[in-house]
Amino acid sequence: MSGSTTLAGTVGAAAQVVLVAAGSPLLVGVMRQVRARLEGRAGAGVLQPWRDLRKLLRKEAITPHGTGPVFRAAPLVLAATALVAAGVVPIATTESPLDGAADLFAVTALLALGTVALALAALDTATAFGGMGASREMTVLALVEPTILMSVFALSVPVGSTNLGAIVNSTLHEPQRVVSPVSLLAAVALAVVVIAETGRIPVDNPATHLELTMIHEAMVLEYAGPDLALVEWASAMRLTVLLGLVANLFAPWGIAGADSGWVALAALPLALAAFAAKVTLLGGALAAGEVFMAKLRMFRVPELLAGSFVLALLAVAASFFLA
Amino acid sequence: MTTEPTHQDPAARTVADVAPAELPDRVAALLAEHHRPALVAAHQDPDALRVVYLFTAASPDRRTELHVRLDPDDPVLPSLAALSFPVGRFEREMHDLYGIVPKDHPLPRRLVRHHHWPRGWYPMRADAGPPPAFGDPEGPYPFVSVEGRGVYEIPVGPVHAGLIEPGHFRFSVVGESILKLKARLWFVHKGVEKLFQGRVPADALELAERVSGDTSVGHALAFCLAVEEATGMRVPPEAQRMRAVLLELERLYNHVTDLGALCNDVAHSVLNAQFGRVREQLLRLNAEVTGHRLLRGGVVLGGAVLRTVPDAYRLKALGEDVAEIVDLALGHTVVADRFTGTAPLSTAAARDLGTLGYVARASGVDVDARRDHPFTDLGPTLTVPTCDTGDVLARFRIRAEEIAVSIALIGELADGMAPGRIGSWAPSKARDGLASGVGIVEGWRGTITHRVELAADGTLARVKIVDPSFFNWPALPVALNGAIVPDFPLVNKSFNLSYAGNDL
């Protein structure tokens with residue numbers, strides 16, 4: 001939609017990246033703390049993921065024998081795609097200078113690129129666990145991507161654009177759209193795929209030590225030290241970006257819009273705070289929900305994801321019929 | 001007082017010397033009379049190698065021993081593997097530790113030995129000496145590899161994530177389905193049986209308590225019963241009742257732990273946290289009763305010590321707690337779905353493999369040494385729940401039902417019990433020459449059997465320990481046939497077998 005670069009847009013995009021980069025480990029910390037408290041444990045504190053990252057960064061880098069450039073590059077690709085996604089997705093401002101790239105297809109492809117890089121790295125280790133994890137992750141990815149595309153597509157039909165900023169702006173101007181059947185169906189579908197994509201219960205268990213049950217963790221078993229820190233940090237950012245995307249697609253209020261000059265700049269801190277609050281709330285709710293859920297049998301996961309795809313498809317259909 | 005129960009002598013053992021050639025027929029006859037092989041142990045006598053086969057049968061309690069003498073220069077036995085699968089495994093164990101050769105064994109591969117053990121070195125022989133330097137003479141274990149399109153292997157362990165014991169699992173997998181699983185154990189073989197030798201029984205009790213950390217009462221009690229039979233020591237009935245209480249307390253805390261761990265393995269952490277809460281209360285109760293959270297020091301030779309008698313009301317409340325959490329677990333659709341139909345072990349397989357404990361009972365094999373080989377009469381309060389589906393759900397349910405039975409038993413046994421130490425009565429008969437004794441106990445995992453032989457000076461000449469895990473380990477790969485890889489940790493937990501008790 002908007003092609004011109006504004007000062008507020010540039011500052012906003014930079015602030016988004018900084019907020020996601022610094023805040024995403026805290027979000028993971030909050031989610032773990034919520035779980036711990038609900039289970040009657042004291043918990044390690046919200047700062048623990050940052051402490052873990054600091055610890056890992058101080059260790060020496062180790063690569064297993066026989067691994068090549070793919071293994072070494074994957075954490076960088078994963079982190080880079082997550083950072084770019086953080087700059088592109090409308091988190092604090094819809095006026096990002098990268099707005100032209102904030103196309104839903106581009107963002108989905110960016111996130112998929114990171115996943116594929118990690119899966120290739122897992123195959124590069126030539127360990128049984130790496131291959132197993134990669135195969136499972138690809139199965140999940142293949143079922144998740146179409147659903148993401150479908151549900152955001154459903155939201156884009158009324159707007160007439162697949163630009164994420166445009167969708168968010170349009171929801172800001174017509175808030176009644178949020179309660180439309182299209183929006184509700186798409187919201188449920190997206191929520192399911194976000195859970196799958198970020199490896200949360202009931203699809204994957206991020207807290208398990210049982211290698212044979214892992215999906216995401218099985219792929220990164222061979223990483224250690226700074227590389228592992230990068231992978232963990234990038235995973236936290238992906239979680240934040242995906243939760244943020246869900247939050248702003250369905251509840252965009254607080255985001256800095258297409259105002260000009262100092263007004264827009266002044267709105268940024270508020271937008272960042274609103275985003276932090278929304279994502280924390282969503283993350284906390286996800287963690288609280290997880291506590292009362294068990295992990296699905298591996299072969300039931302496709303059923304769950306197929307269900308979410310059907311919802312997304314219905315949302316697309318509804319967006320045409322109810323337009 | 002006339003109403004006081006009298007001392008209950010263990011069932012008499014019939015002992016027969018058998019020539020190697022007669023052995024298969026004698027064993028076939030015993031198996032036809034519903035005996036099960038409880039223990040096979042090799043012994044080194046001054047002039048011969050001697051193998052003792054202990055067979056037991058229930059209702060009435062029968063224990064039959066067959067002793068076979070072998071030429072020490074050419075120790076060859078006819079293999080009984082065709083008659084009984086567990087005996088075949090005992091034969092492989094004897095081969096690795098004593099060098100006794102089972103003739104015509106269908107699976108003569110090594111069982112205990114690892115590839116760094118020197119060839120021809122048999123650690124249990126009297127002349128074995130200290131362990132020689134490790135080499136690589138045996139070579140890697142010859143795993144059977146499954147071939148076909150898309151078949152690959154997943155090697156897991158022996159070092160695992162998390163605090164569990166070492167075992168190597170080799171999965172042959174196509175997609176996510178398990179075609180074959182081979183479990184290699186004996187990574188924690190430490191020569192426990194040899195450590196017993198030469199000790200006086202009272203000094204060996206501590207060792208028996210530590211055979212498997214979670215079964216201190218079970219192994220200590222089986223050891224004490226065996227020594228008491230060998231020495232003719234008489235244990236007052238009140239002491240036997242105290243021991244029964246301790247045995248049930250051990251069953252309680254372990255079963256509750258397992259129920260929680262099963263929920264944790266399907267990622268339902270709140271249920272695990274709740275079972276963990278109950279477990280902690282049970283462990284604290286254990287500490288009050290014996291001074292040790294894992295119940296060490298409660299069973300002593302000839303008697304038992306209780307610091308306090310467990311409060312039946314407290315236990316009853318905990319039992320209601322457990323029942324409620326179990327209902328919550330089975331009422332959760334995803335948890336129930338993960339348990340139901342997962343890795344079923346058929347009744348026929350469970351019987352043929354000689355499984356014991358909750359694994360057997362979940363598959364419809366009605367065995368329980370508390371009823372079949374009692375050291376104290378538990379009366380009608382003792383019920384033995386069985387289930388015939390043999391899946392993870394059945395193993396979960398059996399544990400939950402056994403918890404209720406255990407609590408009822410403790411309530412009845414503790415009624416009128418006074419804390420304190422109860423020692424033994426004087427021996428009923430004088431002991432002559434080499435004496436032996438057998439102790440059979442239903443530990444929380446299943447039937448534990450100890451057999452001791454005492455030298456003339458009263459020290460232990462040979463102790464053979466059989467943990468139920470030795471019988472149950474082969475059932476795990478059988479149950480997993482056709483299961484999927486991500487279900488393995490759950491199924492493994494539902495069996496929850498001991499490595500330490502198996503590897504010895």
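How far apart do the C-alpha centres of domain 1 of chain B and domain 2 of chain B lie? In this predicted model, the two centres are 33 Å apart. The domain assignment of chain B places domain 1 at residues 13-103, domain 2 at residues 152-184 and domain 3 at residues 192-503. A further segment of chain B, residues 37-128, is listed by UniProt, in an unreviewed entry, as "domain: NADH:ubiquinone oxidoreductase 30kDa subunit". Over residues 37-128 of chain B the chain is 15% helix and 35% strand, and the C-alpha atoms at the two ends are separated by 28 Å.

Within the bounds given for domain 2 of chain B, residues 152-184, the description turns to paired strands. Strand S8 (residues 168-174) of chain B and strand S9 (residues 177-184) of chain B run antiparallel and are joined by 7 bridges. These two strands, S8(B) and S9(B), form a hairpin with 2 residues between them, and Gly175(B) in the turn has a positive phi of about 65 degrees. Among the pairs across this hairpin, Ser172(B) stands opposite Lys180(B) in S9(B), while Arg170(B) has Lys182(B) of S9(B) as its bridge partner. S8(B) also pairs with S7(B), again in the antiparallel sense, over 6 bridges. Ser172(B) of S8(B) takes part in this pairing as well, standing opposite Glu153(B).

Strand S7(B) is also part of the contact between the two chains, which takes 25 residues from chain B and 23 residues from chain A. On the side of chain B that touches chain A, the elements giving two or more residues are strand S7 (151-156), helix H7 (269-290), helix H9 (333-339) and helix H16 (488-495) of chain B. S7(B) gives the most to this side, with 5 residues. By class, the side of chain B that touches chain A has 16 nonpolar, 4 polar and 5 charged residues.

An unreviewed UniProt entry places the feature "binding site" at Glu193(B) and Ile465(B). Although these positions are spread over 273 residues of sequence, they cluster in space, the largest C-alpha distance being 7.2 Å. Glu193(B) is situated in helix H3 (residues 192-196) of chain B, and it counts as partly exposed because it has 19 C-beta neighbours inside 10 Å. Ile465(B), by contrast, is placed in strand S15 (residues 460-466) of chain B and is buried, with 26 other C-beta atoms within 10 Å. When residues up to four places away in sequence are not counted, Glu193(B) touches Met124(B), Val463(B), Lys464(B), Ile465(B) and Leu504(B). On the same basis, Ile465(B) touches Val192(B), Glu193(B), Val211(B), His219(B), His450(B) and Leu504(B).

Another position in chain B, Leu353(B), lies in the loop between helix H10 (347-352) and helix H11 (357-362) of chain B. Despite this placement in a loop, Leu353(B) counts as buried because 25 C-beta neighbours lie inside 10 Å. Leaving aside neighbours within four places in sequence, Leu353(B) is in contact with Phe85(B), Pro474(B), Ala475(B) and Val478(B). The C-alpha atoms of Leu353(B) and Ser84(B), which are 269 residues apart along the chain, are separated by 8.1 Å.

How values were computed: Residues are numbered from 1 along each chain as its sequence is written. Chains are lettered from A and ligands numbered from 1 in the order in which they are written. This is a predicted model: local features need pLDDT of at least 70, side-chain atom pairs count only at pLDDT 80 or more; totals for chains, interfaces and linings use all residues. Two residues are in contact if their C-beta atoms, placed from the backbone, lie within 7 Å. Helices (H or I, at least four residues) and strands (E, at least two) are DSSP runs, numbered from the N terminus. Ala, Val, Leu, Ile, Met, Phe, Trp, Tyr, Cys and Pro count as nonpolar, Asp, Glu, Lys and Arg as charged, and the others, Gly among them, as polar. UniProt positions are given in the numbering used here, feature names are shortened, and annotations may be inferred rather than shown by experiment. A residue is buried if 20 or more other C-beta atoms lie within 10 Å of its own, exposed if 12 or fewer, and partly exposed in between; C-beta atoms are placed from the backbone. Domain bounds come from an automatic or database domain assignment. Two strands pair if DSSP finds at least two bridges between them.
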